[in-house]
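Colleague: I would like a close look at a single part of this model. Please take one domain and then set it in its surroundings.

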Amino acid sequence: MTTRTSSGGTGGSSPLTELESVVVAGAGQTAAVAARTLRRRGFEGRVTLVGAEPHVPYQRPPLSKEYLAGEDDRDELYLLTPDWCEGNGVELRLGAAATAIRPAERALELADGSSLRADALLIATGGRPRRLPGIDGDRVRYLRTIDDADRLRAELRPGARVVVIGAGFIGCEVASTAIGLGAQVTLVEQAARPLGHVLGDLMGDVMAALLRTSGVDLRTGEKVEGYAETASGAVVTTSGGAYLEADVVVVGAGMVPNVEAVTGAGIETAGGIPVDEYCRTSVDGVYAAGDVALQWRPELGRRVRAEHFDNANAQGMAAAKNILGGTSAHTAPPWFWSDQFGRNLQHAGHCDGADRVVVRGRVEDFDFVAFHLSGGVLRGAFAVDRGGDLAVARQLIGAGAVPDPDVLRDEDADLTELFDTL
Amino acid sequence: MDEQRGDEQPEEWVEAASLAQLRKRRRLGVTVAGRAIALFLVGDDVYALDDVCVHKQRSLSKGTVLNGRVICPGHQWLIDPATGRVEDRDECQPSHAVRIAGDAVYVDPRPRVLSEEH
């Protein structure tokens, strides 16, 4: 193996003599970041990524946005090119799902019957869309992979009748992209508000207004009761009495973590793979990160599984550093964005459970940041087209700030002054 | 690292803003020779980057400056205001030379793009 130099300016200093190989179950965002981090930190041993999909690691966020809209090419999505992998000695085993681990040997078994032994295993198998019982047929689409996006992309034509089931982030983003492509969109959500469980009632109402003013027929508080296909399309019926004819039905009902590889290996798997803030599972030498990981959050006193890009990056990086003998805790507040209807939405920390919401800007113009406080402590923030303010909020949340609400509210006050009071 | 443009070319300074304007929010979007440029005041230093982010075309002058780095409002990319280098990425935001004379901020509208590290 060739000698490598650190390219990221963060070269590791430990000799890493005992660690010779790392196998990553998964080949998505988390796996790609982990592989890059291992090499940047100077690890020269074997690195293998095992991917169920036949594709080299690619970004998923654009699959419901720019890529689905036909604005991005495949090439723009790739995270690790075959050239980079070859130059950095990272082996990709693609089209072969990880099926099981043998913890005593730290071996990973693959669907093709082979197995890989390593000194450290990182489980980054992500998840798959949650299927809705009874909603099954030729016109039903789920969105998780690049192949899913390619298929749906061809169907979101001008005038197409699109029914989206579930007003979570994927559902709302697909609705936005479909509207942008000229489709007629009905969005059915069983809860009272879109995204209410993440954003709370107040901001859920804002999202409902954004969807409706953008031309989406939003039907909240309605359950899907029936699904049938006819010669000319599909019919979705709801508890609200709606009879919705569709050319294509997109289900966005959340995801199920792919925990199967560790089932029977002495690791809990209810709701994800439990890890501490160092991405360590209960088995020595076995780590988990990304969508599949159920991470201990000291500030919340509970474990949380996050399904976002930033979490995949941060955990992938932390896991890689810790595999190399570091003690890198992932404790930064969660952060994610969503681009919908020409607006940029961003969320940091935790907005649920707030006892006070302070708004800076104008909610009615979709130009604001809503600070969510609990006992005076800034716990979360949600912003529409206010990424600058959100960046400050993110730091304040991480610092456990107790900000002056008047400064938060006052557009003439500089938010960064709040750092002086920490 | 190399710059695409040689330093031997004559300088080209265009008055872009006053320091007083920039001090209000420490960031300011201006148009210089038809080009959208974002000015940032970091400590006592003024930096200029192309306003349109290389990532998703968001306006950097609507972002913020924290810990000496510009944060894009679109997707929180962290950009070094002096070089345009993006943290943890290969992309580079075009930057511009800045000169201060009295209260006036002058910008060279020709972009500098640092090449990737090898």
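How much helix and how much strand does the chain have over residues 14–107 of chain B, and how far apart are the end C-alpha atoms?

Modeller: A caution to begin with: this is a predicted model. Over residues 14–107 of chain B, the chain is 7% helix and 46% strand. The end C-alpha atoms of that span are 5 Å apart. UniProt, in an unreviewed entry, lists residues 14–107 of chain B as "domain: Rieske".

Now the chain around that span. Chain B has 1 helix and 10 strands. Read from the N terminus, its elements run β-α-β-β-β-β-β-β-β-β-β. The helix therefore follows one strand, and strands make up the rest of the order. Chain B has 118 residues, and 35% of them count as buried. Take the contacts in chain B between residues at least 6 apart in sequence: 45% of these join residues at least 24 apart.

Next, the partner. In the interface, 11 residues of chain B are in contact with 10 residues of chain A. The side of chain B that touches chain A has 4 nonpolar, 5 polar and 2 charged residues.

Chain A carries two domain records to set beside the one in chain B. An unreviewed UniProt entry gives residues 21–316 of chain A as "domain: FAD/NAD(P)-binding". That span is 22% helix and 30% strand. Its end C-alpha atoms lie 16 Å apart. For residues 335–418 of chain A, the record, also unreviewed, reads "domain: Reductase C-terminal". Here the figures are 20% helix and 43% strand. The end C-alpha atoms of residues 335–418 of chain A lie 20 Å apart.

One sheet of chain A deserves detail. The strands β18-β20-β21 of chain A, in that order, form an open sheet of 3 strands with mixed pairing. At the edges stand β18 (273–275) and β21 (302–305) of chain A. Each has a single partner strand, so one side of each is left without a neighbour in the sheet. From one strand to the next, the twist averages 35 degrees. Within this sheet, β18(A) pairs with strand β20 (residues 293–297) of chain A in the parallel sense, over 3 bridges. At the level of residues, A:Val275 stands opposite A:Gln295 in β20(A).

Key. Residues are numbered from 1 along each chain as its sequence is written. Chains are lettered from A and ligands numbered from 1 in the order in which they are written. This is a predicted model: local features need pLDDT of at least 70, side-chain atom pairs count only at pLDDT 80 or more; totals for chains, interfaces and linings use all residues. Two residues are in contact if their C-beta atoms, placed from the backbone, lie within 7 Å. Ala, Val, Leu, Ile, Met, Phe, Trp, Tyr, Cys and Pro count as nonpolar, Asp, Glu, Lys and Arg as charged, and the others, Gly among them, as polar. UniProt positions are given in the numbering used here, feature names are shortened, and annotations may be inferred rather than shown by experiment. Helices (H or I, at least four residues) and strands (E, at least two) are DSSP runs, numbered from the N terminus. Two strands pair if DSSP finds at least two bridges between them. Axes are lines fitted to C-alpha atoms, for helices over the stretch in contact, and angles run from 0 to 180 degrees between N-to-C directions. A residue is buried if 20 or more other C-beta atoms lie within 10 Å of its own, exposed if 12 or fewer, and partly exposed in between; C-beta atoms are placed from the backbone.
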